[in-house]
Amino acid sequence: MATVSPIRAITLTHNVLLKQLITKGRLIGITLFGLLPILLGWVIGRQSDDPLEAGVGFISYMGLSILIPVVALIFASASLGDTREDGTLVYLWLRPISRWSVTAGAWAASSTITLPLTVIPMTIAAILLDAGNTLILATILTAVLAGFAYCGIFLLLGLLVKNPVIWGLAYIFIWEAIVTSFAKPAAAIAVSGYSRAIITGRTGVEFERLFSPSQGTSIFMLIVIIAVSMGITTVRLSRIEVP
Amino acid sequence: MSPQPPPPPQPQAANHTASMIDVSNASKSFGNVVAVSDVSFQLNAGVTALLGPNGAGKSTLFRMLCGLTTPTAGTVKVLGRDARHDTPVRGKIGLSPQQDALFDRLTAFEFVEIAAKTHGVKNPTSATKHALTLVDLATVTEKNVGSFSKGMRQRAKLAAALVNDPEILILDEPLSGLDPVQRNRMIELFHTLGSQGKCVLISSHILDEVARIGSEVLVIAQGRLAASGDYRSLRTLMEDQPHVIQITTNGARELGAALLQKEIIEGVTIEDGSLSVTTSKIDAFGRSIASIARELDVSLIEVTPMDDDLESVFRYLIERR
């Protein structure tokens, strides 16, 4: 019996979970959800006197704090969480492949579906905001990083709790969207805190009372968030009671 | 003197230093619920049936064997290793779990092929085709497993368990949902695999099914190993069990007294005019009950064996330990 290389194990896990994640209902629902920022972006772009500031605010709060985390929650929490709930996790768990390969494959699968469904509408919204290439490029970079980070967090959440979508929505709307907007210490332990810092840093737009680490620190911290959440997911996967 | 339960199944080769499966004083609790209690046995190549009623602890035991859950006490080794923590040994196990869940968006071929690939099988395509042929799914390889009937899903799970040519096969109720022809084919397949030197452990809650699955039987009830050994000796043991028979008659008192007097029954209770008797002489009871009723001029409305089910057999085995 040949051994399975980690890259191969990640690819196989990614492929099988991606097929499970893509359902017609999810795709239609989330595509419609993605139309909302496009529409709002177009409206704001036409009505704002300072489209860059309005655009950064809109992308920060609508895109980075709501659209991306909600979409990531739906896919990432289902990626391993659904397999544990329905009993199919055993078909990945009882294989001669490392646990972290399964984690990485699941994270990659949820990112593969989350990013196009969020980055594309946000980019279109940024274009429609008519604030220039700086905002468009900053939106793409920030959305990708935030998408990866949220997928990491919600992948873990899917393995930790039952009904991860409910817990995740509470986390998104209470912590990521509201608390971090008013409390700097909270923003320091939230994806939206760092992702907002990146987009404001790249566009030069500043908001009062906003947590404002450097772009480098923010990117580094998002990578740390991804690594830590995936590390904990791997440990959880090793210790889990598989149905 | 009551007969002793048969000894645990012995390794097929006496000079084996390590068994293929070695369960030693294994217990598993979920909170206050004891699912498996102090179970020990060793198995080597061949087919062994694990018999037990629903909820007896069969699936928990299988999950411990595969490392899917850890024993609360004791040890569980497969090929001398703990499957939970030893990655390579997981490549030598084929599991067909009890739950019906499959990756429903995959075709049968994809479902089995992903098992082959994640096991590192050298030629996954041909191994997949072979496994699907073994379980008679070769003609529906491109259909989504989500559209499969229960029997087909069961066979898809079996194919995925077989595709890596494992040394250990753990099959949890693999015959449920199969029609009689498929059952025969699968039982034949299990015996072929057992004769090839694989350790095949199959659970079932159906006594007659177990009779055909394996000559070696482990009986588990209420989480405990109630009996183990050769199926024939176990069957003999079960036949020693006193039978409880419910008789509906218009002369319960007279009939009960007559049966006791003729020493055909050992015990009798009468409740609401219904007679419940205990007998170890089931053949004599069957031969004489009608004639005794005729002699007494009482009507036999209904005669129902109360313990002719598997649960009562298990209860008997547990109680006599």
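**Figure 1. Secondary structure and packing of chain B.** Chain B has eleven helices together with 13 strands, in a model that is predicted. The chain comprises 321 residues, of which 45% are buried. Among the contacts in chain B with a separation of 6 or more, 68% are accounted for by residues that stand 24 or more positions apart.

**Figure 2. Close-up of helix 9 and helix 10 of chain B.** The view is centred on helix 9, residues 252–261 of chain B, and helix 10, residues 282–296 of chain B, whose axes come within 10 Å and cross at roughly 125°. Since an angle that is neither under 35 degrees, nor from 65 to 115, nor over 145 counts as oblique, helix 9 of chain B and helix 10 of chain B are therefore oblique to each other. The crossing in which helix 9 of chain B passes helix 10 of chain B is right-handed. On the side of helix 9 of chain B the contact is made by B:Glu254, B:Leu255, B:Ala258 and B:Leu259, while helix 10 of chain B brings B:Ile292, B:Ala293 and B:Leu296. Sorted by class, the residues in this contact of helix 9 of chain B with helix 10 of chain B are six nonpolar and one charged, with no polar residues.

**Figure 3. Close-up of the contact between chain A and chain B.** To this contact chain A gives 22 residues and chain B gives 25 residues. On the side of chain A that touches chain B, the elements that give two or more residues are helix 1, spanning 6–21, and helix 4, spanning 90–93, both of chain A. Helix 1 of chain A supplies the largest share of that side, namely five residues. By class, the residues on the side of chain A that touches chain B are 13 nonpolar, five polar and four charged.

**Figure 4. Helices and overall dimensions of chain A.** Chain A has ten helices and zero strands, and from the N terminus on its elements accordingly read α-α-α-α-α-α-α-α-α-α. Taken along the principal axes, the box filled by the C-alpha atoms of chain A is roughly 65 × 35 × 30 Å. A compact globule with 243 residues would have a radius of gyration near 18 Å, and the 18 Å of chain A agrees with this.

**Figure 5. Burial and contacts within chain A.** Of the 243 residues of chain A, 51% count as buried. When the contacts in chain A with a separation of 6 or more are considered, 80% of them are accounted for by residues 24 or more positions apart.

Key. Residues are numbered from 1 along each chain as its sequence is written. Chains are lettered from A and ligands numbered from 1 in the order in which they are written. This is a predicted model: local features need pLDDT of at least 70, side-chain atom pairs count only at pLDDT 80 or more; totals for chains, interfaces and linings use all residues. Axes are lines fitted to C-alpha atoms, for helices over the stretch in contact, and angles run from 0 to 180 degrees between N-to-C directions. Helices (H or I, at least four residues) and strands (E, at least two) are DSSP runs, numbered from the N terminus. A crossing is left-handed if the near helix is turned anticlockwise from the far one by less than a right angle, and right-handed if clockwise. Two residues are in contact if their C-beta atoms, placed from the backbone, lie within 7 Å. Ala, Val, Leu, Ile, Met, Phe, Trp, Tyr, Cys and Pro count as nonpolar, Asp, Glu, Lys and Arg as charged, and the others, Gly among them, as polar. A residue is buried if 20 or more other C-beta atoms lie within 10 Å of its own, exposed if 12 or fewer, and partly exposed in between; C-beta atoms are placed from the backbone. The radius of gyration is taken over C-alpha atoms; the globule rule is 2.2 Å times the number of residues to the power 0.38.
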